Amino acid sequence: MTILGLMFLLKKLKQPYLIAYIIAGVLLGPYVFRIVDKPDEIEVIGEIGILLLMFFIGMEINIPNKRSLIIKPVMAQSIKVLLSFVFAYLLGRILHLDYKSILLIAILFMFNSTAVVVDFMKRHGTLNTAFGIIILNILLLQDLLLAPVLTLLKFWSGEEFNIFNFVLPLALCIGIFLIFRKVRNLREIRISSTFLENDHDLQVFFGLFICLGFGLIAETIGLSAALGSFIAGVLVGKIQAFHWLENSLLPFKVFFISLFFVSIGLRLDINYLLSNYMLIGIGTLVVLISNSIMSSVFFRILNFSWKDSFYGGALLSQTGEFGILALSIAYKSDMVGYDLYKAGLGITCLSLLLSTFWISCGAFVKIRKSVRS
C-alpha cells in the first residue's frame, strides 16, 4: 500500500518509481514506522531482483561487433579506477584517514548502480545505442572487478590469501569472452522445447532455474551473481524456444527489484542522518559531483561530445549496491569504524536516491540524435 501510494504520487510528478521504492523503505524501516526491523532479510530477497534485471538485459542487448565498443569501456573503467584512487587519496589526506579507509573510499567511487543506470537508459531510449552499450559494458566490467576487490578486502580482514580466488575468475572471464565471440553473430540457436509448450508453471520455474542457477555458479567461482545472470540472459536471448521467458518472468523482476530498493531505504538511519546532516549532505554532494566530473572526463577523453559526456557523467554519478557490500565487509572485519561505516552507508543510500534527480537534469540535454551511431 505504501509503495502503491508513492507510485501514484511520483507518476503525477513524472519521476521514476525507484524513488518510491527507496522512500517506502525509509518509511517502513526501523527508524520511522518500524514495520520492518530486519533490513538484511529484505536485502537478501531483493538481490534476486538484480539477478532478474541482469538476465533481462542480457536477453535484450545486442552483443557489439565493433571492437571500439569493447575497447572504449575497458579504457573508460581503467581511467575511472585511476581517478578514484587519486581522488580518494586527496580526500584521505584532507580528512587524515588511514590507508584502509582511503582504499574503501576508492572502492565506493569505482562502482555504480546497474539497476539505476539501466532503468534511466531504457526510459531515455539510449540503452541500445553505441553510447548506451559502452556504458553497459562499463557496468559489466565493474561486475568483473568485484571478485578481486572482495578478495582483497577479505585478505586485509585476516583471511588466508588464496591465489586460486584470482586465477579461477580470470579463467572464467576468458571463457565468457570466447562465448560472446561465438554467439554475437548468431541470429538464433534452435533447440526444441516441446515439453515446455503451454505449461506456464513449468516455464516460470525453469526460467528461474536458468537465471538464478547461472548467478549461483558465477558467485561460487568468485564473480558476481549478477554477471552470471547476464550471461544466462545473453545465451537464452539467442534461443528461439525460450522467447516465452520474458513474459513469464517480468512480474517477478518488477516485484523483486522493488524489494531491492526498499532494502536500501531500510538501511538509511534517519537518526544518524539528522545528527550528522552536514557531513552526510556534503559527502553526498561530493560523491555526485566528483563521480560526474570523473565520468565526464573519461568520456571526453574517448572523444565523445560534451553533451554526451555530461549525460554519461550524470548516469555514473552514484555509488552502487556493490559499494554497500564493500562497506558491510569492511565494517564486519573491523577495517573501518562505526562512524565511517554509518556515514558511508548514508552517503551511498542518498547518492542512489538523489542521482535520479541528477540524471533527470542531465537528460534535459538533447542527446538522442548525437549518441546514435
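**An all-helical predicted model and its one cavity**

Helix α16 supplies three residues to the lining of the largest cavity, the largest share from any element. The model discussed here is a predicted one, and the cavity makes a handy way into it. A search for cavities of 30 Å³ or more turns up one, and its volume is about 50 Å³. Around it sit R267, L268, D269, Y272, L273, I280, K342, L345 and G346. Two elements, α12 (270–275) and α16 (338–363), each give two or more residues to that lining.

Stepping back to the fold as a whole, the protein has 17 helices and zero strands. Of its 373 residues, 53% are buried. Contacts are mostly long-range: among those with a separation of 6 or more, 80% join residues 24 or more positions apart. The accessible surface adds up to about 18,300 Å², and carbon and sulfur atoms account for 66% of that area.

What about the interior? In soluble globular proteins, nonpolar side chains tend to be buried together. Here the largest nonpolar core takes in 91 residues, and the ones with the most contacts inside it are I135, L153, F261, F299 and L315. The top contributor to this core is helix α7 (residues 130–156), which puts in twelve residues. Looking past residues up to four places away in sequence, I135 touches V117, M121, F299, G312, L315 and L316. Two of the partners in that list, F299 and L315, are themselves among the residues with the most contacts inside the core. There is also a second, separate core, this one of 20 residues, with F56, A232, I239 and A241 among them.

V117 and M121, both touched by I135, also turn up among the buried residues of helix α6. This helix covers residues 114–124 and is largely enclosed by the rest of the structure, because eight of its eleven residues are buried. The buried set is T114, A115, V116, V117, V118, F120, M121 and H124. Right after α6 comes G125, with a positive phi near 70 degrees.

Back in α16, G362 is another residue worth a look, as it lies in this helix. G362 has a relative accessible area of 0%, so it counts as buried. Leaving aside neighbours within four places in sequence, G362 is in contact with F310, Y311 and A314. The C-alpha atom of G362 is also 8.4 Å from that of G313, although the two glycines are 49 residues apart along the chain.

A longer jump in sequence shows up at L28, a residue of helix α2 (residues 17–28). The C-alpha atoms of L28 and V262 are separated by 8.8 Å, with their positions 234 residues apart along the chain. L28 has a relative accessible area of 18%; the cut-off for buried is under 20%, so L28 makes it into that class. With neighbours within four places left out, the contacts of L28 are T2, R34, I35, V36 and L266.

R34, one of those contacts, belongs to the loop between α2 and α3 (39–60). Its backbone is a bit unusual in light of a general trend. Most residues other than glycine have a negative phi, and most peptide bonds are trans. R34 is not a glycine, yet its phi is positive, at about 60 degrees. R34 is exposed, since its relative accessible area is 63%. N303 has a positive phi as well, about 70 degrees, and is not a glycine either. This residue is found in the loop between α13 (277–301) and α14 (306–315). With a relative accessible area of 70%, N303 counts as exposed.

Last come the cysteines. A disulfide is a covalent bond between the sulfur atoms of two cysteines. The whole structure was searched for such pairs, and zero disulfides were found. C211 has a relative accessibility of 0%, so this cysteine counts as buried. C349 is buried too, because its relative accessibility is 2%.

Definitions and conventions:
Residues are numbered from 1 along each chain as its sequence is written. Side-chain values use heavy atoms; hydrogens and water are left out. Helices (H or I, at least four residues) and strands (E, at least two) are DSSP runs, numbered from the N terminus. Buried means under 20% relative accessible area, exposed over 50%, partly exposed in between (1.4 Å probe, protein chains only). Contact means heavy atoms within 4.5 Å. Accessible areas come from the Shrake-Rupley method with a 1.4 Å probe; for residues, only the protein chains shown count as cover. A nonpolar core is a set of buried Ala, Val, Leu, Ile, Met, Phe, Trp, Tyr and Cys residues joined through side-chain atoms within 4.5 Å. A disulfide is a pair of cysteine sulfur atoms within 2.5 Å. On a 1 Å grid over the protein atoms alone, a cavity is a set of points where a 1.4 Å probe fits but cannot get out, and a pocket is an open set with protein on both sides within 12 Å along at least five of seven lines; lining residues have an atom within 4 Å of a point. Grid points are joined across faces, edges and corners, and a volume is the space filled by probe spheres set on the points.
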